[in-house]
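User: I'd like to go through this structure with you and hear the reasoning behind each label. Could you show it to me before we begin?

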Amino acid sequence: MRFPSHPLYKLSSCASPSSSATLFMASKQLFKSTFSNPLTTTPCSHNRQLLNTYRILFSVFPSKPSSRTSPFCLKTNGCYTLSHANVPRPAVLENAEERSLVAMRRRLTQKLEELGMDIEICTPGQYNHLVCPMCKGGDSEEASLSLYISHDWSSALWMCFRGKCGWKGSTMASAGSRPSYETPQRITKVKNIREISVESLNLEPLCDELVGYFAERMITRETLQRNAVMQKSYGDQIAIAFTYWRNGTLVSCKYRDIDKKFWQEADTEKVFYGLDDIEETDDIIIVEGEMDKLAMEEAGFTNCVSVPDGAPASVSKKDLPPEERDTKYQYLWNCKEYLKKASRIILATDGDNPGQALAEELARRLGRERCWRVRWPKKNDVEHFKDANEVLMYLGPDALKEVIEDAELYPIRGLFNFRDYFDEIDAYYHRTLGYEFGAPTGWRALDELYNVVPGELTIVTGVPNSGKSEWIDALLCNLNERVGWRFALCSMENKVREHARKLLEKHIKKPFFEARYGGSVERMSIEEFEQGKQWLSDTFYLIRCEDDSLPSIKWVLDLAKAAVLRYGVRGLVIDPYNELDHQRPVSQTETEYVSQMLTMVKRFAQHHACHVWFVAHPRQLHNWVGGPPNLYDISGSAHFINKCDNGIVIHRNRDPEAGPIDQVQGYWSIFGCK
């Protein structure tokens, strides 16, 4: 068994009076309940740490080593091993110790697993590498957590060595003890900021060739001089030097060569380009590059700065990090005393996707409520100008000035103005939206009462076997025939083959089989059947749960959304309500659940301009005499009538005195202005 040297572990030998064998035992220092943290060293020093421990067989230990003789070791295959004494011991004592060890292991394992550590493959007495449950190992999911478990499973120590995490703590297996750990926080690295100057960087005034280069981009010599744009020679090449200043002191420098490659001076402060120009301004313009900053000055705006590092590829999906960990946008925090004074910040980033992503990231940090954005003018019927310098070059300074003056409020999610909807309102007024008053049902008498409007919710009810599903199928066939709509069907009471038969019979208007219900009408032909199959495939998309579990309303709406986006469906049928999974929190009443569920359905309908038919059965009617139910009779909640746009009751007459038996009747409850 291997024993590398470690300050926590001291081995001694005691000679048994009755045996010439030597037994090695640990001093009391090894078994103290509190001990110094072996994780203060980095993982790379594991070869100097304890890898395995020797199991002590006795419960009584000498207070001092009984011998100063160094442990006798046998070198085998490159490893040092200890000579174990063959000392008999009572079986009862061993079993008791083993039971205690098992109990401690179970308690310690439970505590570590509650903290998110999977220790199934961990070995006690050595350093184990795991994925940190706090930082998840970062983007690379590295095993950055070093976990040390004592040889007897009595305690554990851990520490994450990722610089952005640093989570560490300890716990004991003893009952009643609680884990002790520190909140993960970044281990701050002190960065030495270089002091630089024009002389130390060997910067030079711009040569005429580079002044001409800027002149081609409509940037004058005066603007270049005011912004201290210079050059730097390296070898036989010359690079443009954009100098970054804070309070009149040079703090950084960014270079651009003839191939449009950029680099910056290392170990310098990250700040905006042109920072001193916004020291006492209420309005600030932020652009994406130094050339755009110079272009803004040509249009009369000196209160402009440029970001130093360009734009991200896309908007981050992660939560906003704290200031000290926001490394990509550290320049914002370095300049926060300049930015906090501004009441209006115009984001004039590039018009491409990265530029828009940069605008969103800046707005997240600066506060959308004080941000504005620009819309770059059109270059042609397809393209827009990309940035400020391009507008200056092709349209001139007056056009660039107009773009800034016409900046609009940066959108805040959930906060709108009617102006944002003027296009839709205009189309509604001129009746160019399509189906402003709904699509006709195909039944002339019904069209005076009910039209199918995209974005609305229709609740359909009726006692069992009244023909609710048959009526909806007929309505869908009419809508497809007249306006070409497609539909998603979540019809859980129908077998697919039976539902296909019913739809085909309504579409072809011939029976599927030679059966009594068809009367004297001949059965649909093979050709009609094949054409009908193609119609089914083009018109309907099925939402079905293929296993024995019940689908939830969220599952149905997620698939319906996919059908809208992929196939352009305009209607969704959910038939019936009681076939859905309605699990809800114990604290939530059925009325609250139904209200929340119907709100989800209505939002789906409105957001995707999709009409939804929701079939809901009435509750068991006591003393029912055959009359039609109403929407208040629906099982679950009165919200079925409170939240729907249209309510329809399908009823089949069962009272001979009320009219022909089995005659289907419709009762309409129409809400809103039609």
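Analyst: Gladly. Two strands pair if DSSP finds at least two bridges between them. Please keep in mind that this is a predicted model.

User: Which strands form the open sheet, and in what order?

Analyst: The order is β15-β14-β16-β17-β18, five strands with mixed pairing.

User: What makes β15 and β18 the edges?

Analyst: β15 (304-306) and β18 (408-409) each have a single partner strand, so one side of each is left without a neighbour in the sheet.

User: How do you know that β16 and β17 pair?

Analyst: Pairing needs at least two bridges, and three bridges join β16 (residues 344-347) to β17 (residues 371-373). The two therefore count as paired, and they run parallel. At Leu347, the bridge partner in β17 is Arg373.

User: Which helix lies across β14 and β15?

Analyst: That is α4 (residues 290-298), which runs at about 170 degrees to β15.

User: Why is Thr223 called buried?

Analyst: The cut-off for buried is under 20% relative accessible area. Thr223 has 6% relative accessibility, so it counts as buried. Thr223 belongs to helix α3 (residues 221-226), and beyond its sequence neighbours up to four places away it touches Leu294, Glu297 and Glu298.

User: What makes a group of residues a nonpolar core, and which residues touch the most other members of the largest one?

Analyst: The members must be buried nonpolar residues joined through side-chain atoms within 4.5 Å. The largest core holds 58 residues, and Phe214, Phe272, Ile286, Met296 and Leu347 touch the most other members. Helix α7 (residues 353-366) gives the largest share of this core, five residues. Another core, of 34 residues, lies apart from it, with Cys490, Val556, Val564 and Leu572 among them.

User: What does Phe214 contact, leaving aside its neighbours within four places in sequence?

Analyst: Its contacts are Leu206, Ile219, Leu224, Val229, Ile240, Phe242, Met291 and Leu294.

User: Why is the Arg246 and Glu337 pair called a salt bridge?

Analyst: A side-chain nitrogen of Arg must come within 4 Å of a carboxyl oxygen of Glu. Here the N to O distance is 2.9 Å, so the pair qualifies. Arg246 sits in strand β11 (residues 237-246) and Glu337 in helix α6 (residues 336-339), so the salt bridge ties together parts that are 91 residues apart in sequence.

User: Are these two partners buried or partly exposed?

Analyst: Arg246, at 13% relative accessibility, counts as buried, whereas Glu337, at 31%, is partly exposed.

User: What does the salt bridge between Glu408 and Arg373 tie together?

Analyst: The closest N and O atoms of Glu408 and Arg373 are 3.0 Å apart. Glu408 lies in β18 and Arg373 in β17, so the pair ties together parts that are 35 residues apart in sequence. Partly exposed covers values from 20% to 50%, so Glu408 at 26% fits that label, and so does Arg373 at 24%.

User: How do you know that Lys386 and Asp387 form a salt bridge?

Analyst: Their closest N and O atoms are 3.6 Å apart, and the limit is 4 Å, so the pair counts. Lys386 is partly exposed at 34%, while Asp387 is buried at 12%.

User: Which residues are joined into one network by salt bridges that share partners?

Analyst: Arg226, Asp277, Lys293 and Glu297. The structure holds 33 salt bridges.

Definitions and conventions
Residues numbered from 1 in each chain as written. Predicted model: local features only at pLDDT ≥ 70, side-chain atom pairs only at ≥ 80, totals over all residues. Heavy atoms only, no water. Helix = DSSP H or I, 4+ residues; strand = E, 2+ residues; numbered from the N terminus. Contact = heavy atoms within 4.5 Å. Axes fitted to C-alpha atoms, helices over the stretch in contact; angles between N-to-C directions. Buried < 20%, exposed > 50% of the residue type's maximum accessible area, 1.4 Å probe, protein only.
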